[in-house]
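I sat down with this model today and kept a running notebook. Here is what I looked up, entry by entry.

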Amino acid sequence: MRRQQPHPIQLPPVKPQLTIEEWEAKAPLTDVELGSVRDIKAACEARRLPAKFHQFADAVESISRPSTPVTRNTASPTGETPSSRPQHPLHPAHPIATPQDFHDWFALIDKSISHSQEAHFRAHLNTLSGYLNTCDTLIDQANEVDEDVSRMMQDWTGVEEGGQSLQGACERMLEERDRLIRVTDEIEERLEYFQELEYATRMLNHPGDGLVLQEDFLFMVERVDVCIEYLESHRDFKESQLYLMRYQHCLTRAMTLIKIHCVNSLKALASEIHRRLTSSEVSSATQTLLLYPKFQSAAKALRPLITELEARAVRRPDDLSALLNECHAAYFSSRKQLITSRLIEEIQRIIRGSEVQGIGKGAGPTIDLVGLARAGCSYLKQLCSDEFNLYRHFFDSGEDKLYRFLEGLCDYLYDDLRPRILHEPKLAVLCQVCTVIQALMVLDLSGDYDEFEPSTQPDEDRLRPQDIFQSPLSPSLRDLKSAHSDPGLRSDLARNIRAQKHQQLKHLHIGNLLEMVLQDAQTRLVFKAQAVIQSEIRYYVAKEGDLDYPQHLIDFRKTGSEAASIPPSPSENPLSRMTSLSRQSTWYPTVKKTHWVLSQLHDYVKPAIFEDIAYEAISLCRESLMSASDLISAKSKSATALQPNSPDGQLFLIRHLLILKEMATAVGLDAQKERGMDFSGMADTLNSIIFHPNALLGQGLTNLRFPKVVESITDARLELDAALKRVCEEAISQCVQTATAPIQSFLSSAVDPTAASTSKAHSEFIEGCKKTIPEWTEKLRLYLDDDERTVSVLLPPMHDKVVEAYETFRIRVSTSKGGQSVEGVLLSRNALEEFLRSL
């Protein structure tokens, strides 16, 4: 019995049908194909009925065939049968004897005629009847076929429903099978992280001497680490905590074995090298061979083990950093034991090589501090570079410990070099020491350090466990096992992981090691510079020829500038590119010393310290220039009694203030903030506290004024500009006063002006201008080195003041009683301005 489905299965949707026109458009036929279609159509038009319908066709044909009435088989009167003689069917069987017989025979004839006339109707009727019977038969058969088709459709539907249900059941079974396989694989994969404990424990329980050197040991360590990482992220698994603790114990035991092997190997190697170095006389080349290539050969075996320990110490510092520190300590102890004696001997040799004979009778040998710093720091740089490169063959971590070790080596030289630097009295020597150290630090940026990959494998396709560990995406335990057993997979995995690897220690920063000596030299340089500023700038006492101005400038102009032939310095120091540097021989000594001190300090001290020193030096130099200007003015007054208002002092100060301003601009001296305490209100506050104790009660306490921190901004360039403006105004006023002395005397007279006195004052003013202004302009060009731009800035204000004084004189004359008589003699404002510009 057919099983009924609980739910009817829906048939797939019927695809849309194409019309004949669309079919013809999409699939056109060729002429040959169209001919074939026509042949098939002609053959199909004459198709015959199936064999099962032949009997019905014969019956129809027999029925539709026309026939004559059947005559009765009667015997003739003579006793002969009708078949024995020919006779027409309508012929009477016996002679007509009575009217009734004739009537019967006539009726028969009439019936035969009627029958003959209606034969085609009957034949057609029989044909129609046959067709009807045939159609009825076809309808019956069509109904039977329809019933058969309906039964077949029902059977097909049932089969289809059964097939779909069977297909669904099979698919569900396949899905269930895949799920079970997947669950089985997942369970098996998870169990691998628990089953690995037995293999690791069994290997660690039989350590042996060469266990850590076996390749399986490193892969076992890596698999243990992967298991720990997996269990840490799946703490919800049953007994995961217990297995995690056991795995961590196995990892600690494995790392301890690595540490013991590395420490013992380093100690044994150091003992062997030390014995060979002290056994007999060993050449320098042999010492180098034992100290470096010998250690590098040992690094090939120890490097993979140390890398394993380093990688895991980074991720588990609480448990494994102590083991790594012991390896570092063993390495540094071994290296210090081997190179300390050689280092001390080399430093002593450098010190002996830096001795020079002292100058003077009875003077002993002295140490060339620059040569000692150059040779000693160069040797330390080479030694530290060799130690750094050797360290990279063993370790990728511990950079801070490495630099502490290298600093300890450098202390052997620093202990001798530092006191010499701190007691060096010459500023130039300290600058040379800073130059040497900074040159070594600059070379450190482009130094040639070994760029290498530690050669711990015979080829690039060898997979190291530390490479796997350092990859961003750690492989699974199954991947590790596959890589361990399949060389091809191991090669691919190694290349992919090594492409993501980077080395921590790139190159040695020798500047960190030389920084201490450089700081000592810079500190001493700053102190010595401050001492020079105080002794040779602030408290400088002018000598006899220092104030001989403008004679220095006249001699310089006559003899030419020997300093102008000095080629420009290739240094990047901006003070060496000053435009006035070619006339340095005409500078005042304090200005020379300021420039020299700042040039020495610019490249060797920090910018903040340099700005403080530069501000102090320029400020003190400005004060010394002001004092020198007063001395020159006083000297000029005593030397030229006839012309007491000599401008040499002011012009000297203008010249050197412009040089100081250029110097401050060259070094980029910015404004500085200074903090101080304001005690201006403390007197009132103490008075209130002593004489009015009640002021401390209530609101009176808020009215008291306490010291406060105030900030003040100082700018050397603004101070120079202010001083320069003031001295320019004084120089201009002095020149104007000399040129307008006749009319100033005329204006100060209480007597009414007369034509004679007015003409005399005017003439004396014109003569004074012709003499004073050209002389003053010539001196101005002399002091300013023919700088027409600056001269053109100072002359117009002087002309304006002269014109203002003359305008006052002209107004006084025009308002007097006899002023109209001399108006033709006086100059107009425009005429006077043109006259002054022509001088």
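The entries below go from the whole chain to helix pairs and then to single residues.

**Entry 1: the chain as a whole**

I noted at the outset that this is a predicted model. I counted secondary structure and got 27 helices and 4 strands. Of the 839 residues in the chain, 37% are buried. I also looked at how far along the sequence the contacts reach. Taking contacts between residues at least 6 apart in sequence, I found that 78% join residues at least 24 apart.

**Entry 2: H8 against H10**

I started the helix pairs with H8, which covers residues 284–291, and H10, which covers 317–353. How do H8 and H10 run relative to each other? Their axes are 12 Å apart and the packing angle is about 160°. Angles over 145 degrees count as roughly antiparallel, so H8 and H10 are roughly antiparallel to each other. I put the handedness of the crossing down as left-handed. On the H8 side I listed Ser284, Gln287, Thr288 and Leu291, and on the H10 side Arg335, Leu338, Ile339 and Arg342. Sorted by class, this contact of H8 with H10 holds 3 nonpolar, 3 polar and 2 charged residues.

**Entry 3: H17 against H19**

Next I took H17 (residues 510–538) and H19 (589–601). Here the angle is about 175° and the axes are 10 Å apart. H17 and H19 are therefore roughly antiparallel to each other. From H17, the contact uses Leu525, Ala529, Val532, Ile533, Glu536 and Ile537; from H19, it uses Thr590, Lys593, Thr594, Val597 and Leu601. I sorted the contact of H17 with H19 into 7 nonpolar, 2 polar and 2 charged residues.

**Entry 4: H23 against H25**

My last pair was H23 (residues 716–739) and H25 (residues 755–783), whose axes come within 8 Å and cross at roughly 150°. H23 and H25 are therefore roughly antiparallel to each other. H23 brings Ala731, Ile732, Cys735, Thr738 and Ala739 to the contact, while H25 brings Phe765, Cys769, Thr772, Ile773 and Trp776. How many residues of each class are in the contact of H23 with H25? I get 8 nonpolar, 2 polar and no charged.

**Entry 5: Asp520 in H17**

I went back to H17 for Asp520, which lies in that helix. Is Asp520 buried or exposed? Its relative accessible area is 17%. Buried means under 20%, so Asp520 is buried. Leaving out residues up to four places away in sequence, I found Asp520 touching Arg418, Ile421 and Leu422. With Arg418, the side chain of Asp520 makes a polar contact of 2.8 Å. For Leu422, I looked up the C-alpha distance to Asp520: it is 7.0 Å, with the two positions 98 residues apart along the chain counted as their separation.

**Entry 6: Ser580 and Glu308**

Ser580 sits in the loop between helix H18 (551–559) and H19. This loop residue is buried, with a relative accessible area of 7%. Which residues does Ser580 contact, leaving aside neighbours within four places in sequence? They are Trp587, Ile659 and Glu662. The side chains of Ser580 and Glu662 make a polar contact at 3.0 Å.

I then turned to Glu308, in helix H9 (residues 293–315). Glu308 is buried too, at a relative accessible area of 0%. The side chain of Glu308 forms a polar contact of 2.4 Å with that of Arg312.

**Entry 7: around H7**

Glu272 lies in helix H7 (residues 240–279). I have it as partly exposed, with a relative accessible area of 31%. Its C-alpha atom is 9.7 Å from that of Leu290, and the two residues are 18 apart along the chain.

Glu239 is in the loop between helix H6 (215–233) and H7. Its relative accessibility is 46%, which counts as partly exposed. I flagged its backbone: phi is near 60°, a positive value in a residue other than glycine.

**Entry 8: a cis bond**

I closed with Pro550, in the loop between H17 and H18. The peptide bond from Tyr549 to Pro550 is cis, and its omega is near 10°.

Definitions and conventions: Residues are numbered from 1 along each chain as its sequence is written. This is a predicted model: local features need pLDDT of at least 70, side-chain atom pairs count only at pLDDT 80 or more; totals for chains, interfaces and linings use all residues. Side-chain values use heavy atoms; hydrogens and water are left out. Axes are lines fitted to C-alpha atoms, for helices over the stretch in contact, and angles run from 0 to 180 degrees between N-to-C directions. Helices (H or I, at least four residues) and strands (E, at least two) are DSSP runs, numbered from the N terminus. Angles under 35 degrees count as roughly parallel, over 145 as roughly antiparallel, 65 to 115 as roughly perpendicular and the rest as oblique. A crossing is left-handed if the near helix is turned anticlockwise from the far one by less than a right angle, and right-handed if clockwise. Contact means heavy atoms within 4.5 Å. Ala, Val, Leu, Ile, Met, Phe, Trp, Tyr, Cys and Pro count as nonpolar, Asp, Glu, Lys and Arg as charged, and the others, Gly among them, as polar. Buried means under 20% relative accessible area, exposed over 50%, partly exposed in between (1.4 Å probe, protein chains only). A polar contact is a pair of N or O atoms within 3.5 Å; within protein, one must be able to donate a hydrogen and the other to accept it, and residues adjacent in sequence count only if both atoms are side-chain atoms.
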